[in-house]
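Please look over the sequence and the model shown here before reading the notes that follow.

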Amino acid sequence: MRKFLVVLDDSRECLNAMRFAAMRAAHTGAGVQILSVIPPDEFNHWIGVGEVMRAEARERIEAHFDVFAKWMRDKQNIDPELVIREGEPLDEILSQVSDDREIGVLVLGAGTERKGPGPLVTALTKNAGTLPVPITIVPGELSKEQLEAIT
């Protein structure tokens, strides 16, 4: 089965990427894998504090995942898979794509602010020619209706 890999983070545009991935998966018989990356700089504290912060980060990710997963199950009949990795986001995304051969498309949400589409979109599009899967970039300002029309 082919999977759409979508990145879960705290950005606003993440919502459209999630919706797009779920809708496309529902229409094509594919699955959705949701990847969240915990950056290493969150744990540069004493060992005990770092472990507590790591656990809190995982809890926060799982809570966000539960909201998206419920919507995907209820509205799109898709049961997404959660993967949590620790490290630099760009490196971990590339590693996940490399590690899971069922991933067929990487879905990213593009920010709408003046500073650009976001660091992941910028970095990954610079290397798009060497990636083993295509990237779908979902504009952050698309409405739910527009997403439904294009999926």
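How much space lies in the largest pocket? About 290 Å³ lies there, in a structure that is a predicted model, where local features need pLDDT of at least 70, side-chain atom pairs count only at pLDDT 80 or more, and totals for chains, interfaces and linings use all residues. Residues are numbered from 1 along each chain as its sequence is written, and side-chain values use heavy atoms, leaving out hydrogens and water.

**Pocket**
- The lining of the largest pocket consists of 15 residues, and Leu-8, Asp-9, Asp-10, Val-37 and Pro-39 lie nearest its centre.
- Helix 2 gives the most to this lining, with four residues.

**Nonpolar cores**
- The largest nonpolar core (buried Ala, Val, Leu, Ile, Met, Phe, Trp, Tyr and Cys residues joined through side-chain atoms within 4.5 Å, with buried meaning under 20% relative accessible area for a 1.4 Å probe and protein chains only) has 27 residues, of which Val-6, Leu-8, Met-18, Val-32, Ile-34 and Val-107 touch the most other members.
- Strand 1 (3-7), helix 1 (14-28), strand 2 (31-38), helix 2 (47-76) and strand 4 each supply at least two residues of this core, and helix 1 gives the most, with eight residues.
- A second, separate core of 15 residues includes Val-7, Val-37, Ile-103 and Leu-131.

**Strand pairing**
- Strand 4 (residues 103-110) pairs with strand 5 (residues 135-139) in the parallel sense, over five bridges, where pairing requires that DSSP finds at least two bridges between the strands.
- Between these two strands the chain passes through helix 4 (residues 119-126).
- Leu-108 has Ile-137 of strand 5 as its bridge partner.

Technical notes
Right-handed = clockwise from strand over helix to strand, strands pointing away. Buried < 20%, exposed > 50% of the residue type's maximum accessible area, 1.4 Å probe, protein only. 1 Å grid on protein atoms, 1.4 Å probe; cavity = no way out; pocket = protein on both sides within 12 Å on 5 of 7 lines; lining within 4 Å. Points joined across faces, edges and corners; volume = space filled by probe spheres on them.
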